[in-house]
Structure formats: structure tokens, C-alpha cells
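Please look over the model shown below, with its sequence alongside. The report that follows takes up a few of its residues, its nonpolar cores and its pockets in turn.

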Amino acid sequence: ASMTSTRGLLLVATPELIDPNFFRTVVLMLEHTDGGAMGLVLNRTYDAVAEEVVPYWADRLKPPGTLHCGGPVSEESVVGLGRVPTDGVEGVAPLVGSVGVLDLYRQPEELPGVESVRLFSGYAGWEAGQLDAEVGVGGWIVVDAEPDDALTDDPGGLWRRVLGRQQGLISLLADYPEDPTAN
């Protein structure tokens with residue numbers, strides 16, 4: 001079977017995906033090739049303030065400016081997403097709508113017009129074929145991303161909101177109990 005790239009799409013964890021790293025997560029896919037895949041968990045935050053991690057981006061951080069948990073891989077690395085001008089900016093890789101991945105090695109003034117920056121510690125990663133297998137056995141639902149998903153004001157409610165806007169039976173998963181045995 002040939003792989004279909006999920007770059008720029010969302011992976012929504014199904015209720016059956018009980019791995020604590022990904023339980024009820026929404027992952028925005030940054031890359032997906034034959035060699036593997038990587039994405040950012042959008043709906044987990046830390047208590048840490050992002051400007052303490054990358055101080056020179058402090059002026060452009062989207063309030064409340066908390067650091068987000070991008071995933072369990074390479075947690076000491078930081079990935080930035082931000083809203084970018086429609087004509088694009090060198091140093092930003094467009095991803096979905098007006099949202100792109102920032103080159104954090106550049107100074108903010110080198111990326112004019114970039115705003116609502118959100119910083120993620122670590123990322124979610126899959127080896128070649130691993131993600132395709134997980135999607136194939138029903139661990140993830142692949143859906144379209146909206147630009148506001150990456151920069152949501154309510155990360156904790158994102159899983160329910162993304163499922164709720166889907167067509168058909170998938171939308172019913174938004175109300176799936178966290179512990180079905182307690183239903």
C-alpha cells in the first residue's frame with residue numbers, strides 16, 4: 001500500500017488509543033514522508049512560560065504565552081508555530097492557512113508580520129511506516145486542520161471540538177466518556 005502524506009492535517013486520537021503520551025490528543029502534522037512522520041500535539045500545555053524558554057520571541061507570543069507540550073520526542077527542542085502574512089515570509093514554512101512553522105534560529109525582526117506565536121517543547125515522531133500502521137488499525141482519525149486549531153484559546157477543549165465538527169458518526173466520538181466503564 002502506498003503512503004498518503006498527512007502533512008498539514010490533524011491526527012485525532014481515537015478513544016481506544018490509551019498510550020498516555022497520546023490519550024485524547026490532536027496532532028498537527030508537520031511532515032510525513034516514506035522515511036517517517038512528525039507532528040505537534042496541540043492540546044497539551046505546561047505550566048512553564050514560553051518566554052522563559054525563548055525570551056527573544058516574548059513580544060510575539062499568543063496570550064497566555066504558556067509553553068505547549070509538542071510530544072514525547074526530543075523534549076529539549078522547541079518548535080514554533082505562528083500566524084504569517086498571506087504573501088509569506090522567508091524563514092517560515094507554510095502549513096495550514098495563515099499558520100506556518102517558524103525558523104526559531106532567526107530573530108523575530110527577520111520574520112516581519114509573524115504574530116500569535118506558540119512554542120512547543122518536543123514533538124511526536126514516527127518511524128517509516130509506523131504512523132500508516134497506527135492509522136490502519138484505527139488509532140488515529142485523519143481530518144482537515146483549520147488555522148485556528150494550532151493557535152486555539154482553548155487547547156483543553158480541542159479534541160472534542162475537532163471531533164464535533166466532523167461529518168457522520170465520527171462527530172459522536174466528541175461525547176465519548178473518558179472512562180467508558182464508569183458510564
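## Arg24 and its surroundings

In this predicted model, the side chain of Arg24 reaches the backbone oxygen of Pro177, at 3.1 Å. Arg24 is found in the loop between β1 and β2, and, setting aside residues up to four places away in sequence, Arg24 touches Ala13, Asn43, Trp159, Arg160, Tyr176, Pro177 and Glu178. Is Arg24 buried or exposed? Its relative accessibility is 8%, and because the limit for a buried residue is under 20%, Arg24 counts as buried.

The backbone of Arg24 also deserves attention, for its phi is near 55°, a positive value in a residue other than glycine. Most residues other than glycine have a negative phi.

## The second largest pocket

Arg24 belongs to the lining of the second largest pocket, together with Phe23, Asn43, Arg44, Gly156, Gly157, Trp159, Arg160 and Glu178. Several of these residues were already met as contacts of Arg24, namely Asn43, Trp159, Arg160 and Glu178. The volume of this second largest pocket is about 170 Å³, and its lining is made up, by class, of 4 charged, 3 polar and 2 nonpolar residues.

## Other backbone features

A positive phi in a residue other than glycine is also found at Ser116, where the value is near 50°. Ser116 has its place in strand β9, and with a relative accessible area of 23% Ser116 is partly exposed.

Elsewhere, the peptide bond that runs from Pro63 to Pro64 is cis, with omega near 5°. Pro64 is placed in the loop between α1, residues 50–53, and β5, residues 66–69. Most peptide bonds, by contrast, are trans.

## Trp140 and the largest nonpolar core

Trp140 lies in strand β10, which covers residues 140–144, and at 4% relative accessibility Trp140 counts as buried. The side chain of Trp140 makes a polar contact with the side chain of Glu134, at 2.8 Å. Leaving aside neighbours within four places in sequence, Trp140 is in contact with a set of residues that includes Leu11, Val12, Ala13 and Thr14, as well as Phe22, Val27, Trp126 and Leu131. Asn43, one of the residues lining the second largest pocket, is 97 residues from Trp140 in sequence and 15 Å away in space, taken from C-alpha to C-alpha.

In soluble globular proteins, nonpolar side chains tend to be buried together. The largest nonpolar core of this model has 35 residues, and those with the most contacts inside it are Leu10, Val27, Leu28, Leu42, Leu81, Trp126 and Trp140. The elements that give two or more residues to this core are the strands β1, β2, β3, β6, β7, β9 and β10, along with the helix α4 (158–164). The largest share, 5 residues, comes from β2. Leu10, counted without its neighbours within four places in sequence, is in contact with residues that include Val26, Val27, Leu28 and Leu42, and also Ile141, Val142, Val143 and Val162. Apart from this core lies another one, of 14 residues, among them Val54, Trp57, Leu102 and Leu111.

## Thr6 and its polar contact

Thr6 lies in the segment before β1 and, at 6% relative accessibility, counts as buried. Which side chain makes a polar contact with the side chain of Thr6? The partner is the side chain of His32, at 2.8 Å. When residues up to four places away in sequence are not counted, Thr6 touches Leu11, Met29, His32, Leu131 and Val142; Leu11 and Leu131 are also among the contacts of Trp140, while Val142 is one of the contacts of Leu10.

## The largest pocket

About 200 Å³ of space lies in the largest pocket, whose lining consists of Val54, Tyr56, Ser77, Val78, Val79, Gly80, Val101, Leu102, Asp103, Leu104 and Tyr105. Of these residues, Val54 and Leu102 also belong to the core of 14 residues described above.

Which element gives the most to this lining? The answer is β6, with 4 residues, and both β6 and β8 (99–102) supply at least two residues each. By class, the lining of the largest pocket divides into 8 nonpolar, 2 polar and 1 charged, whereas the lining of the second largest pocket has 2 nonpolar, 3 polar and 4 charged residues.

Technical notes:
Residues are numbered from 1 along each chain as its sequence is written. This is a predicted model: local features need pLDDT of at least 70, side-chain atom pairs count only at pLDDT 80 or more; totals for chains, interfaces and linings use all residues. Side-chain values use heavy atoms; hydrogens and water are left out. Buried means under 20% relative accessible area, exposed over 50%, partly exposed in between (1.4 Å probe, protein chains only). Contact means heavy atoms within 4.5 Å. A polar contact is a pair of N or O atoms within 3.5 Å; within protein, one must be able to donate a hydrogen and the other to accept it, and residues adjacent in sequence count only if both atoms are side-chain atoms. A nonpolar core is a set of buried Ala, Val, Leu, Ile, Met, Phe, Trp, Tyr and Cys residues joined through side-chain atoms within 4.5 Å. On a 1 Å grid over the protein atoms alone, a cavity is a set of points where a 1.4 Å probe fits but cannot get out, and a pocket is an open set with protein on both sides within 12 Å along at least five of seven lines; lining residues have an atom within 4 Å of a point. Grid points are joined across faces, edges and corners, and a volume is the space filled by probe spheres set on the points. Ala, Val, Leu, Ile, Met, Phe, Trp, Tyr, Cys and Pro count as nonpolar, Asp, Glu, Lys and Arg as charged, and the others, Gly among them, as polar.
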